Structure formats: C-alpha cells, structure tokens
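Open the model in your viewer and keep the selection box handy. We'll go stop by stop, with something to pick at each one.

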Protein chains: 2
Amino acid sequence: MAKVNVGKKILDANEKYALKNSELLAQHGKRCLNMISSPGSGKTTLLVRTISDLAGAVKIGVIEGDIQTDLDAQRIRATDAPAIQIITEGACHLSATQVHHALQELPLDKLDIIFIENVGNLVCPSAFELGEDGKIVVLSVAEGDDKPAKYPAIFAKSKVLLVNKIDLLAGGALIDFNIERVKADARRLNRSIEIFPVSAKTGEGMAAWYDWLKGQIASV
Amino acid sequence: MAKVNVGKKILDANEKYALKNSELLAQHGKRCLNMISSPGSGKTTLLVRTISDLAGAVKIGVIEGDIQTDLDAQRIRATDAPAIQIITEGACHLSATQVHHALQELPLDKLDIIFIENVGNLVCPSAFELGEDGKIVVLSVAEGDDKPAKYPAIFAKSKVLLVNKIDLLAGGALIDFNIERVKADARRLNRSIEIFPVSAKTGEGMAAWYDWLKGQIASV
C-alpha cells in the first residue's frame with residue numbers, strides 16, 4: 001500500500017509542474033508535443049527530417065530526454081534547431097520538473113512548436129503529464145502489429161500515431177505487419193487518434209504529418 | 001527524498017522474493033533466464049523457435065510478463081511448452097513476487113530451463129532481480145546500433161546479448177546497423193557478455209545460441 005500512496009504523491013508533484021509548463025506555454029502561445037515510443041522506433045530521425053523539411057515554415061525547438069549520452073541532441077543541433085538535453089541517469093521517463101527547467105533555456109518566442117523527445121520507453125512516460133498539448137506515439141513497423149493491443153495506455157492517450165519505417169514493408173516483404181490491425185486496435189482504444197504511416201528515411205507519408213503540424217500552429 | 005527511500009524499500013521486498021526464487025530453482029537444479037528488451041525485438045518469436053528447435057533435447061517452460069493480453073502465452077503454448085501468463089495491468093516490469101507465484105504453477109521437475117519473458121521495456125526491468133541465473137538482452141537490428149550506449153544498464157548486467165532480426169540486414173541494406181559498434185559498446189560495459197547475432201525468423205545464427213543454452217544445463 002505504501003507504494004500506491006507514494007506513487008500518488010509523486011504524480012501530484014509532477015502534475016504541479018505540468019500545470020506550470022502548460023501555463024508558460026500558453027503565455028507564449030506555443031504548442032508542445034510529447035513524443036513517446038520504444039527505443040529505436042525512429043523518434044530522432046523523424047524530428048530531424050521534420051525540422052529540415054519545414055525549415056522556414058515552422059520553427060521547432062526540442063527537449064531531448066535520454067538515460068545516458070547526448071547523441072540525440074547532437075543530431076538535432078546539426079539541423080541548427082535549438083535542443084536542450086536532459087540526461088535522466090537511469091530514470092525511465094521525463095518529469096515535468098525536468099521539462100520546466102529545460103523550457104527556461106529554450107528561446108520560446110522564436111519558436112512555433114516545442115517537441116519533447118521522451119526516454120525510449122513505451123510504458124512509463126505515458127503516466128507522466130509534462131504540460132504538453134498532446135502526445136505523439138511512434139511505432140516502427142519492425143516492432144510488430146500487436147503493440148497497440150499489448151501496450152494500450154500510450155495509444156489511448158495520444159493525439160497522433162506515427163507508424164514509422166514503412167519503407168521496410170516495400171519490396172521483399174521481410175516484415176509481417178498488418179497496418180489495418182494497428183489502425184483498428186488503436187482506434188478501439190482512442191476513437192479520435194490521427195494515424196499517419198510514414199518513413200522518416202524516404203519521406204513517404206510525411207506531407208500529411210506536416211499538414212497536421214501546421215494545423216496545430218494555425219489554431220494556437 | 002521520499003521517492004528515494006521508498007524506492008529502496010520496494011527493491012528490498014523484491015530482493016527477498018528474488019532470493020526465495022533463486023533458492024527454489026537451486027533446490028530443483030533448474031536454470032532460469034530473464035529475457036529483457038524493447039517491445040517488438042522478437043522475444044516471443046525467439047522463444048517459440050528455441051523451444052521448437054530444441055524439442056526432445058531441452059525442456060523449456062516460460063513465464064510470460066505482459067501489461068495486457070495473453071497473446072504471447074498463447075504463442076508459447078502452441079508449441080506444447082508450459083507457459084504461465086502474468087498480466088501486470090500497467091506495471092512496467094515483472095516483480096520477483098509475481099515470478100514466485102508463477103514458479104509454483106510450472107512443472108519444474110519436468111523442465112530444464114525456465115525462461116522469464118519480461119515486459120517489453122529496455123529500462124525498468126533491468127533494476128529488478130527475479131532470482132534468475134542470468135539476464136538475456138535482445139536487441140533488434142531495426143532499433144539501431146546506438147542502443148548499448150544509450151541504454152547501458154541492461155547491457156552491463158546481461159550474460160547474453162541476442163542481436164535479432166539480422167535477416168533484415170541482408171540484400172537491399174534497408175537498415176543502417178553497424179554490429180561492430182554494438183559489440184564494442186556492449187563489451188565496454190560488460191567485458192564477459194556473450195553476443196549472438198541471430199534471426200529467429202530464418203534460423204541464422206541460432207545454433208551458437210543453442211550451444212550456449214545447452215552449456216548452461218550441463219553446468220547445473
């Protein structure tokens with residue numbers, strides 16, 4: 001029982017900072033999206049391509065969450081977008097407190113959208129609100145089409161599902177992946193989830209994702 | 001500070017059951033391996049193939065950890081191997097207590113090796129001992145070659161690294177994956193880790209993994 005009570009207390013402290021973050025973002029009129037997935041689904045590659053393809057049209061800043069290393073922030077900075085690295089030193093998710101400090105370091109008034117790239121983990125980050133406007137869940141086709149059924153929480157809570165690495169489905173059919181199963185299972189959990197099949201590598205399908213992103217700014 | 005203290009207390013309760021599990025397995029002279037990876041790296045497919053290929057030679061039982069659904073246990077049972085399903089209902093890792101109850105339900109004396117397939121999560125399960133003889137970390141080539149550097153804990157603690165889905169590296173070179181980088185980074189964290197590049201789909205490389213498994217039983 002101690003575990004349950006303390007879990008509640010930690011969530012409350014997190015929620016207090018999530019509210020502060022939400023207020024700060026609203027004051028500046030900025031959108032913030034919290035990107036969540038398993039390790040290796042392609043979050044950083046998606047962000048790098050999105051930043052490059054939308055250069056001049058949408059100004060993006062990134063808060064990078066990693067357990068160790070600033071490899072991902074280095075990749076983002078190579079695009080000239082500002083990136084603040086949070087190293088969690090073992091922790092399995094970002095907290096709203098960490099994001100609060102990172103938000104102070106970003107040039108918010110020069111940005112349109114702030115992406116938070118959470119720690120690679122399909123489970124824990126879904127339980128911690130960071131003050132974002134929405135969650136983006138990324139699923140690589142290499143992970144299999146049973147993931148919405150097996151890891152429902154993040155699919156139930158996300159505004160968008162990016163089904164990434166669809167280039168791997170072309171040609172030799174090396175991967176068994178039924179995207180209709182993914183769509184049906186995700187929509188059973190979340191009637192309004194937007195689903196974009198994309199390849200951050202080839203660019204296939206990215207235009208629809210960009211249109212959705214532009215729509216988010218238009219409505220700020 | 002409260003968080004740190006309580007974290008410690010939970011680990012201690014877990015460790016008590018981990019010790020009980022270890023003693024129970026030793027009494028029966030059985031090996032137990034705790035398989036950990038991101039979602040979709042192919043743990044269940046690896047187990048299904050291993051059970052089938054070693055049928056008659058090595059008797060395997062499985063404890064399946066999932067957040068929701070018994071899809072994986074169904075796949076194991078289709079091989080005729082006994083499988084006990086633990087549904088964590090949101091929890092991001094298996095606990096030694098859950099495994100303790102599952103061990104009571106397995107016909108231990110009829111088995112050589114008990115595999116625990118942990119919840120798909122490269123982070124949290126590495127912090128919870130279950131009483132196993134060793135951890136097996138699985139990394140799919142589709143996840144990228146930066147994972148040992150970015151998620152070091154599980155690579156530092158595992159006896160074996162199975163680099164799975166190497167069939168995806170053949171032919172069209174759809175995936176950028178430098179296995180030498182993975183080997184170097186993993187061995188920097190863990191000098192004695194055994195690394196087997198495999199494809200659970202095609203069977204490539206599995207013979208070396210089977211030899212290692214047989215060696216584990218021989219030394220009980």
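Start with chain B and show it as a cartoon. This is a predicted model, and the thing to look for is an open sheet of seven strands, all pairing in parallel, in the order β3-β2-β4-β1-β5-β6-β7. Colour β3 (83-87) and β7 (194-197) of chain B: these are the edge strands, each pairing on one side only. If you look along the sheet, you'll see the strands turn, with neighbours set at 20° to each other on average, direction ignored.

**Stop 1: a strand pair in chain B**

Select residues 134-140 and 160-164 of chain B. Those are strands β5 and β6, which pair in the parallel sense over five bridges. For a single rung of that ladder, click B:I136; its bridge partner in β6(B) is B:V160. Now add residues 96-105 of chain B, helix α4, which packs on the sheet. It touches β2 (60-66), β3 and β4 (113-117) of chain B, and its direction makes about 155° with that of β3(B).

**Stop 2: helix α8 of chain B**

Next, select residues 206-218 of chain B. This is helix α8, and its length can be checked with a distance tool: 13 residues at 1.5 Å a residue should span 18 Å, and the end C-alpha atoms are indeed 18 Å apart.

Show the side chains. Which residues of α8(B) are buried? They are B:M206, B:W209, B:Y210, B:W212, B:L213 and B:Q216. Look down the axis of α8(B) and these buried residues fall within an arc of 160°, so they line one face of the helix. The general background is that an α-helix has 3.6 residues a turn, so residues three or four places apart point the same way. Swing round to the other side of α8(B) to find B:A207, B:D211 and B:A218, which are exposed.

What covers the buried face? The cover over the buried residues of α8(B) includes β1 (31-37), α2 (43-53), β4, β5, β6 and β7 of chain B.

**Stop 3: over to chain A**

Hide chain B for a moment and show chain A. Here too seven strands form an open sheet with parallel pairing, in the order β3-β2-β4-β1-β5-β6-β7. The edges are β3 (83-87) and β7 of chain A, each with pairing on one side only. From one strand to the next, the twist averages 20°.

This time, look at another part of the sheet. Select residues 60-66 of chain A, strand β2, which runs parallel to β3(A) and is joined to it by five bridges. Click A:I63 and you'll find A:I84 of β3(A) standing opposite. Helix α4 (residues 96-105) of chain A packs on the sheet, touching β2, β3 and β4 (113-117) of chain A.

**Stop 4: A:R77**

Select A:R77, which lies in helix α3 (residues 71-77) of chain A. Is A:R77 buried or partly exposed? At 38% relative accessibility, A:R77 counts as partly exposed. Leaving out residues up to four places away in sequence, A:R77 touches A:D70, A:A83, A:I84 and A:Q85. That list includes A:I84, which you have just seen opposite A:I63. For a longer reach, draw a distance from A:R77 to A:C32: they are 45 residues apart in sequence and 18 Å apart in space, C-alpha to C-alpha.

**Stop 5: A:N190**

Now pick A:N190, in the loop between α7 (179-189) and β7 (194-197) of chain A. Although A:N190 sits in a loop, this residue is buried, with a relative accessible area of 8%. Which residues does A:N190 contact, leaving aside neighbours within four places in sequence? The contacts are A:F155, A:A156, A:K157 and A:S158.

**Stop 6: helix α8 of chain A**

Select residues 206-218 of chain A to bring up α8(A). The buried residues here are A:M206, A:W209, A:Y210, A:W212, A:L213 and A:Q216. They cover an arc of only 160° around the axis, which puts them on the same side of α8(A). These residues pack against β1 (31-37), α2 (43-53), β4, β5 (134-140), β6 (160-164) and β7 of chain A. On the other side of α8(A), A:A207, A:D211 and A:A218 are exposed.

**Last stop: both chains together**

Bring chain B back. A turn of 180° with a shift of 0.0 Å along the axis lays chain A on chain B with an RMSD of 0.0 Å. The two copies are thus related as by a two-fold rotation axis. Finally, select the interface: 100% of the interface residues of chain A are also interface residues in chain B, so the copies meet through the same surface.

Terms used. Residues are numbered from 1 along each chain as its sequence is written. Chains are lettered from A and ligands numbered from 1 in the order in which they are written. This is a predicted model: local features need pLDDT of at least 70, side-chain atom pairs count only at pLDDT 80 or more; totals for chains, interfaces and linings use all residues. Side-chain values use heavy atoms; hydrogens and water are left out. Copies are superposed by least squares on the C-alpha atoms of residues with pLDDT of at least 70 in both. Contact means heavy atoms within 4.5 Å. Two strands pair if DSSP finds at least two bridges between them. Helices (H or I, at least four residues) and strands (E, at least two) are DSSP runs, numbered from the N terminus. Axes are lines fitted to C-alpha atoms, for helices over the stretch in contact, and angles run from 0 to 180 degrees between N-to-C directions. Buried means under 20% relative accessible area, exposed over 50%, partly exposed in between (1.4 Å probe, protein chains only). The expected span of a helix is 1.5 Å times one less than its number of residues. The arc is that of the directions from the helix axis to the C-beta atoms.
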